Amino acid sequence: MKALRLLSVLTLIFALGVGMTSCNQVKDADIQSAAQELLDANPEMAGVTVTVQNKVATLTGTVNDDSARSYAESIVTGVQNVTSVVNQLEVVPPAPDYSELDAAINAALPDALKDHGTVTATVQDGIITLNGEIAESDLPVLMEKVNALSPIQVVNNLTVK
């Protein structure tokens, strides 16, 4: 009877030991899935991917600024069973939005070109591109008017007569 009890206790201890050990055997794929899920929940982290190997998480991809880079690292550092984070994220600021500048230039451009019927202009990203023909004496006047619109750049493809 004592032997049976002792055997039962030993079996229970063995089962608990195996159970506790197997609980610590978390798969890298599960950690990776949990970390990626947290990152995917934040639209600012759309360009971030996490991989996990031996409980070490590696972040790759791009973010808009240094604070987003740090934030991504802190999110993944907080995931259970992650032992360390290798942050390989690149900071790539978003391209500037020139839509308001383009609209303002396009609104004022007809007035600047009204005395120069053979000149056409296009605007994209704050850059005015001039095409057509112009008399040499009219060129400085036109350039003054165009520069007064405060573009980023003026590309002069005009043929001077």
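Mentor: Before we start, one definition: angles run from 0 to 180 degrees between N-to-C directions. Keep in mind too that this is a predicted model.

Trainee: Okay. What angle does helix H4 make with E5?

Mentor: Helix H4, residues 99-113, lies across E5 and E6 and runs at about 170 degrees to E5. Set that against a scale that goes from 0 to 180 degrees, so the value sits toward its upper end.

Trainee: And which strands does helix H5 touch?

Mentor: H5, residues 139-147, packs on the sheet and touches E5, E6 and E7. Its direction makes about 160 degrees with that of E7.

Trainee: What makes E5 and E7 the edge strands?

Mentor: The sheet is open, with its 3 strands in the order E5-E6-E7 and mixed pairing. Strand E5 (119-124) and strand E7 (153-160) each pair on one side only. From one strand to the next, the twist averages 10 degrees.

Trainee: How do you know that E6 and E7 count as paired?

Mentor: Pairing takes at least two bridges. E6, residues 127-134, shares 8 bridges with E7, in the parallel sense, so the two strands pair. Within E6 and E7, Thr-129 stands opposite Val-155.

Trainee: Now Pro-93. Where is it?

Mentor: Pro-93 is in the loop between strand E4 (90-91) and H4. Val-63 is 30 residues away from Pro-93 in sequence, yet their C-alpha atoms are 7.5 Å apart in space.

Trainee: Why is Pro-93 called exposed?

Mentor: The cut-off for exposed is over 50% relative accessible area. Pro-93 comes in at 57%, so Pro-93 counts as exposed.

Notes. Residues are numbered from 1 along each chain as its sequence is written. This is a predicted model: local features need pLDDT of at least 70, side-chain atom pairs count only at pLDDT 80 or more; totals for chains, interfaces and linings use all residues. Side-chain values use heavy atoms; hydrogens and water are left out. Helices (H or I, at least four residues) and strands (E, at least two) are DSSP runs, numbered from the N terminus. Contact means heavy atoms within 4.5 Å. Buried means under 20% relative accessible area, exposed over 50%, partly exposed in between (1.4 Å probe, protein chains only).
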